[in-house]
Amino acid sequence: MDSVVVKSNFGLTDAAVAERQADGRVNVTPEPPGRSLAQIIRSNVLTTVNAIIFVLFVLVLISGNWRDGLFVGVVVSNSVIGVVQEIRARSELARLEVVTEPSALVVREGETRSIATEEIVLDDIVQLALGGQVAVDGRLAVSNGIRMDESMLTGESLPVLKENGDDVLSGSFVVAGNGRIIATAVGADSYASRLAVEAKTFTAAESELRRGINRILQWLTVIIPVASILLLLSLLGEQSWQDALQGTVAAAVAMVPDGLVLLTSLAFMAGVIALARRNALASQLSTVEVLARVDVLCLDKTGTITTGEITFADIHPVGDTTDSEMRDVLTALSSVDAAPNSTMAAIVTEVGTTTDWEVVASEPFNSARKWSAASFVDQGWFYLGAPDFLIADDHPARVITDDLSTAGKRLLAIVRSPEGPDGDALPGDAVPLGIVELEDEIRPDAPEVLAYFAEQNVTLKVISGDNQVTVAAIAERAGLELSTPAVDARTLPEDLGELASALDDGTVFGRVAPRQKQLMVEALQSHGHVVAMTGDGVNDVLALKEADLGISMGSGSEATKAVADLVLTDDSFSSLPTVVVEGRKVINNVERVSNLFVTKAAYAVLLTAVVSLIGSPFPFIPRQLTLIGTFSIGVPGFFLALSPEVELITPGFLRRVLWFSIPAGIVAGSATLAAYEASRRITDLELGEARTIATVSLLSIGLVILAVASRPIRVWKIGLVGGMACGYGVVFALKPVRDYFELEVFASSAWWYAVAAVVGAGTFIALIPRIFSSRLARDFSGG
């Protein structure tokens, strides 16, 4: 220690703090490995797809057909759009991270001060309160029954009781009691520094969409080189090496899904930005997807259905106890709690903390046993907690609690005993003194949000540690329709299968222990449900970690925000429908875009394989395929990736894409090739004219694929297809542009081959969703 002596009731002096700040003994952790501007640019430019496109561009230059290098423009567009969108997303997330930046209470110069956790210095006295996450390593100086959850560090799920002198690790959080620690390691020296860096990194976690797209890309990385080499060898036997290379590049360009990864990321980032603008902070890109797939939403009552603001309502003495005596007891109990939770804060507001009672010992509140206790000189022990844990079922006071619970009141009982607790067991001679009545405030937006999820076929489960009758009454006040009685979770089975069945039957569950909440989430998942869990208290942490999507309120405990996938920074429950909407947009849009790109890859692979076998010149030159891709896939795909489509989501993304795209690609490629070969072999067109037939045929079929993949049809989508057709018409009408793409205008009966190809293929492609609907329905049960 430097020139000062740290005491738990005085702390460091300002001079000592300044001394430590000057020599770097401050809790500044290393910057998380977030991406700098240079890294963002590098990651969006140096991609596998861009590398393939660039290599093909070099081959085009080598062949001397530099005008066929137009397709390299996709490298520029991919890079610019990716960089701009990621910078926008980073900016929005940084804005919200400032709002959710954690703070700490420290003792300096004998007074308690609130500071940012990064301002803690070595040897600071740091106060620990219920639900708080420890920001630095420390040694416990004052312990009021404090219990720490170290599961995020060690994997140990059971809370650890800490005594004075014990070490407390950064990254753990308080689940019971309160206390003070002396900071022994800060910043990069702290135990959880590395973990904190990793936790703050914004990552794109695995999701069904990403898994499906990655699998498609893996297949294509094998198919494209093999098919291209076979085509090149075939063409070299019939054409010059320049023309053979030109045809091979054209085929390879068509097989590369050049915009699929970009537009997928674009859709995800657009969703994250939209959430950020609604003050919802997503921890990863896939968050917007997961809630859209959720079919069970578990709600904690406090802080979710209710605001978390609790007000004192009334006192109900029992037996000979007077109102004044009850207030004296409440005042004495309030004086013991140095870090009151919202319930005790409401009592403190009513009765204050000034008392001449002298405390002898205390037991902090524990969410498992549902009570706290304190002993006073010449007074005995007083217990404050849930009535159904403190008062026998046959006691007359239970009449009061039953009536008030039915009305949705939050209740606490006060009982007295000369004996202290035996562990978590209550003394057998405890005498009830009275009931404290408190009020919960329903969130104004709760009825609307609950109604929305009910309409969207999302099953709602209210899971709370409070009395089940009270919880049910509050849920009904919030607009939730209950068809089954509320369930006391203490009666639920422990077997996971039986628990899942019980959960399927009920809606409201009260007296749920923290570990039991986690088991409930596991049980629902075991029945195939995608589960989201909301919560704001430390007793919700285990369930939030277990859920497919953990959602915390911005005003919730530091522990819940640390493990949540989504933080509603403004505490607006009404943001959840927005998350669902954005998730549905992402999934629907990515599926439509995937249909376009995979169809293109399918018809390109077919054309490559067939041309390799029959030895014909490739039906297109690279710039013609660039034209087709631009008007039937690239430009419309950009609009589809950001379209406002919010249809219900069903599983089976990859199967649906393949069952549409492969038949559509085969039909499109076959029809185009038939028109091309017929025009060459039957009507004896020149190669340039036959390629014009093929280009017109494939582009027209591509516009049909665009219309079908864009379902449901909207006016703006019809306008999009029409706009793309008009764009191609302009290209064909302007001679300089037409000459660049080597499109020819000529009169020939071969045009009827193009008409037949477009009508035949277009009709079949339009029927694909209906033809394969039964198979797709069966496949919806799997990804």
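A polar contact here is a pair of N or O atoms within 3.5 Å; within protein, one of them must be able to donate a hydrogen and the other to accept it. Keep that in mind for the first stop. One caveat before we go: this is a predicted model.

Start at Ser417. This residue sits in strand β14. Is Ser417 buried or exposed? Buried means under 20% relative accessible area. Ser417 comes in at 1%, so it counts as buried.

Now the polar partners. The Ser417 side chain reaches the backbone nitrogen of Glu419, at 3.0 Å. Ser417 also meets Asp429, side chain to side chain, in a polar contact of 2.8 Å. Who else touches Ser417? Leave out residues up to four places away in sequence, and the contacts are Gly380, Trp381, Tyr383, Pro427, Asp429 and Ala430. Asp429 is therefore on that contact list as well as being a polar partner of Ser417, since a polar contact is a pair within 3.5 Å.

Next, helix α15, residues 397–406. Which of its residues are buried? Ala397, Arg398, Thr401, Leu404 and Ser405. Those five cover an arc of only 130° around the axis, which puts them on the same side of α15. Here is the general background. An α-helix has 3.6 residues a turn, so residues three or four places apart point the same way.

Turn α15 over. On the other side, Val399, Asp403 and Thr406 are exposed.

What does the buried side pack against? Two helices, α14 (387–390) and α17 (468–477), are among the partners. So are the strands β10 (306–317), β14 (410–417) and β15 (431–442). Note β14 there: that is the strand that holds Ser417. And just after α15 comes Gly408, with a positive phi of about 85°.

Last stop, empty space. Rolling a probe the size of a water molecule over the atoms shows where such space is left. How many cavities of 30 Å³ or more turn up? One. Its volume is about 50 Å³.

Look at the lining. Leu596, Thr599, Lys600, Tyr603, Ser632, Ile633, Gly702 and Ile705 make it up. Three helices each supply at least two of these residues: α22 (575–614), α23 (622–641) and α25 (687–709). Which helix gives the largest share? That is α22, with four residues. By character, the lining divides into four nonpolar, three polar and one charged.

That is the tour: a serine, a helix and a cavity.

Methods: Residues are numbered from 1 along each chain as its sequence is written. This is a predicted model: local features need pLDDT of at least 70, side-chain atom pairs count only at pLDDT 80 or more; totals for chains, interfaces and linings use all residues. Side-chain values use heavy atoms; hydrogens and water are left out. On a 1 Å grid over the protein atoms alone, a cavity is a set of points where a 1.4 Å probe fits but cannot get out, and a pocket is an open set with protein on both sides within 12 Å along at least five of seven lines; lining residues have an atom within 4 Å of a point. Grid points are joined across faces, edges and corners, and a volume is the space filled by probe spheres set on the points. Ala, Val, Leu, Ile, Met, Phe, Trp, Tyr, Cys and Pro count as nonpolar, Asp, Glu, Lys and Arg as charged, and the others, Gly among them, as polar. Buried means under 20% relative accessible area, exposed over 50%, partly exposed in between (1.4 Å probe, protein chains only). The arc is that of the directions from the helix axis to the C-beta atoms. Contact means heavy atoms within 4.5 Å.
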